[in-house]
There are 2 protein chains.
Amino acid sequence: MKPNQIMKHLPHKTIERLSQYRRALLICLDSGKTHIYSHEIARIQHITAVQVRRDLMLIGYTGTLRKGYNVKELIDLIGQIIDATEGINVAIVGMGNLGRALINYFTGKRSHLSIVAGFDINPDKIGNTMSGVPCFGIDEMESVIKRLDIRIGIMTVPGDFAVEVADKLVRAGVKGILNYTPKPVNVPKDVYLEEYDMITSLEKVAFYVKMHEEEA
Amino acid sequence: MKPNQIMKHLPHKTIERLSQYRRALLICLDSGKTHIYSHEIARIQHITAVQVRRDLMLIGYTGTLRKGYNVKELIDLIGQIIDATEGINVAIVGMGNLGRALINYFTGKRSHLSIVAGFDINPDKIGNTMSGVPCFGIDEMESVIKRLDIRIGIMTVPGDFAVEVADKLVRAGVKGILNYTPKPVNVPKDVYLEEYDMITSLEKVAFYVKMHEEEA
DNA sequence: ATAATTTTGTTAAAAAAATAACATTGTTAA
DNA sequence: TTAACAATGTTATTTTTTTAACAAAATTAT
């Protein structure tokens with residue numbers, strides 16, 4: 001099967017794990033490790049070795065029996081599968097704490113994804129650069145996004161602005177949105193939307209903590 | 001089935017959605033809406049009405065035919081299912097941008113979860129309060145967590161400190177950890193661990209953006 | 001040289017989750 | 001009054017995801 005065909009049939013969860021495998025592998029590479037076993041990857045990610053092998057099977061990678069997987073080769077292959085051939089430019093809308101946290105997460109990481117612009121309504125921030133990322137006004141969004149060929153927008157504004165910002169991003173031509181706002185938004189179906197809600201995650205942890213306590 | 005028995009059989013995904021339903025319902029309540037249809041909830045969350053009804057069936061809630069669900073009642077019932085009877089205290093380890101972002105998300109929200117302490121290594125932060133949350137030194141973690149009866153820890157430190165902080169939290173007696181660090185950690189099995197990685201989410205969005213562009 | 005071991009790759013089965021199908025029942029309208 | 005409608009509640013089916021089972025092969029040990 002051609003790489004192009006492989007990609008279309010990868011389970012969503014496998015995509016997520018491949019990204020995580022790669023990150024673990026990059027750390028291994030830095031520490032001078034050349035090969036790694038499926039169960040080593042599994043242990044790092046809290047999953048089973050079978051799952052790792054199955055994922056790698058899906059992307060058509062073959063390890064060496066008894067030596068495991070070649071770290072460098074695997075990193076490259078995962079890149080061929082999940083990365084775009086050219087880099088993708090990303091914008092952050094909302095240069096508050098969360099926006100800046102994300103920028104700091106990314107700077108320094110070698111990646112095909114580049115955060116090239118931030119947007120905010122605070123006049124004190126507009127015109128400055130934060131951790132190397134220039135901050136523009138929200139009203140400049142459409143023009144800047146088009147000029148810089150930005151294709152993904154990360155929303156880190158307060159919930160009340162979520163819907164408005166999502167609409168602006170879509171109008172500007174963005175093809176993917178990552179919404180960290182506590183408010184769900186709607187986008188046309190040619191725009192990929194991923195929403196993550198920190199409160200939900202915390203409430204989920206609290207639920208299982210409670211459950212565990214009650215059964216004790 | 002007793003509420004206690006219901007809880008044990010709820011799918012993980014249902015737990016997450018219940019938390020989201022409640023948040024949507026609270027907004028409805030504020031806007032004066034007394035009843036809501038399954039398809040209205042579904043639309044907000046980008047899921048199907050069937051899924052909503054199924055989730056509510058699982059927690060044993062019965063709506064009114066033709067009028068939908070009583071917003072207030074449903075909020076209360078979801079609380080009975082997913083919340084602990086008493087509030088749970090939470091700590092944030094790492095008072096950087098991400099830590100402060102989380103605190104701001106939470107303050108003002110009425111909730112059974114309270115962020116009652118923050119920890120950091122920066123001496124400038126220790127001793128201050130940030131958005132109402134007092135900041136302590138990392139070395140005080142164990143004593144503060146015990147004194148304030150903190151049962152959940154949110155990790156927002158740089159990746160290099162992840163493992164160390166997780167160990168400290170476990171030793172201090174925390175029963176749930178939410179890890180926002182890019183590094184996976186290990187905890188004993190009586191501690192519930194949830195890990196979320198922003199880079200993975202962004203790479204996933206990038207993958208589907210790429211996919212969509214290629215097929216066009 | 002041969003048997004045991006260990007690890008991969010793949011198919012098969014099980015479990016979890018989402019979707020569909022449909023029965024039920026108030027309400028509205030003819 | 002009765003038929004059509006629109007909503008819920010539940011069972012059945014399908015899809016997705018995970019886990020298990022096991023064959024194949026390179027290495028190591030005997």
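A residue is near a strand if one of its heavy atoms lies within 4 Å of that strand. Keep that cut-off handy for these exercises, and remember that this is a predicted model.

**Exercise 1. Work out what surrounds DNA strand C and which part of the strand faces the protein.**

Step 1: Start with the neighbours. DNA strand C has 23 residues around it, and Gly63(A), Leu65(A), Arg66(A), Leu65(B) and Arg66(B) are the closest.

Step 2: Turn to the strand's own atoms. Within 4 Å of the protein, sugar or phosphate makes up 53% of the atoms of DNA strand C, and bases make up the rest.

Step 3: Find the helices. H4 of chain A, plus helix H2 (12-30) and H4 of chain B, each put at least two residues into the surface near this strand.

Step 4: Sort that surface by class: eight residues are nonpolar, eight polar and seven charged.

Step 5: Pick out polar contacts. The side chain of Ser38(A) has an N or O atom 2.7 Å from a phosphate oxygen of DNA strand C, and for Tyr69(A) the phosphate distance is 3.0 Å. Arg53(A) goes for a base instead, with a polar side-chain atom 3.0 Å from a base nitrogen.

**Exercise 2. Do the same for DNA strand D: which residues come nearest, and what do their side chains touch?**

Step 1: There are 21 residues around DNA strand D, with Arg17(A), Ser38(B), Thr62(B), Gly63(B) and Arg66(B) coming nearest. Of the strand's atoms within 4 Å of the protein, 53% are sugar and phosphate.

Step 2: Helices H2 (12-30) and H4 (49-58) of chain A and helix H4 (49-58) of chain B each contribute at least two residues to the surface here. By class, that surface has eight nonpolar, six polar and seven charged residues.

Step 3: Follow the arginines. An N or O atom in the side chain of Arg17(A) sits 2.8 Å from a phosphate oxygen of DNA strand D. Base oxygens lie 3.1 Å from a polar side-chain atom of Arg54(A) and 2.8 Å from one of Arg66(B).

**Exercise 3. Describe how H6(A) and H9(B) pack.**

Step 1: Helix H6 (residues 97-106) of chain A and helix H9 (residues 198-215) of chain B have axes that come within 11 Å and cross at roughly 85 degrees.

Step 2: Angles of 65 to 115 degrees count as roughly perpendicular, so H6(A) and H9(B) are roughly perpendicular to each other.

Step 3: Name the contact residues: Leu98(A), Leu102(A), Tyr105(A) and Phe106(A) from H6(A), and Met198(B), Ile199(B) and Leu202(B) from H9(B). Seven are nonpolar, with no polar and no charged residues.

Terms used. Residues are numbered from 1 along each chain as its sequence is written. Chains are lettered from A and ligands numbered from 1 in the order in which they are written. This is a predicted model: local features need pLDDT of at least 70, side-chain atom pairs count only at pLDDT 80 or more; totals for chains, interfaces and linings use all residues. Side-chain values use heavy atoms; hydrogens and water are left out. Axes are lines fitted to C-alpha atoms, for helices over the stretch in contact, and angles run from 0 to 180 degrees between N-to-C directions. Helices (H or I, at least four residues) and strands (E, at least two) are DSSP runs, numbered from the N terminus. Angles under 35 degrees count as roughly parallel, over 145 as roughly antiparallel, 65 to 115 as roughly perpendicular and the rest as oblique. Contact means heavy atoms within 4.5 Å. Ala, Val, Leu, Ile, Met, Phe, Trp, Tyr, Cys and Pro count as nonpolar, Asp, Glu, Lys and Arg as charged, and the others, Gly among them, as polar. A polar contact is a pair of N or O atoms within 3.5 Å; within protein, one must be able to donate a hydrogen and the other to accept it, and residues adjacent in sequence count only if both atoms are side-chain atoms.
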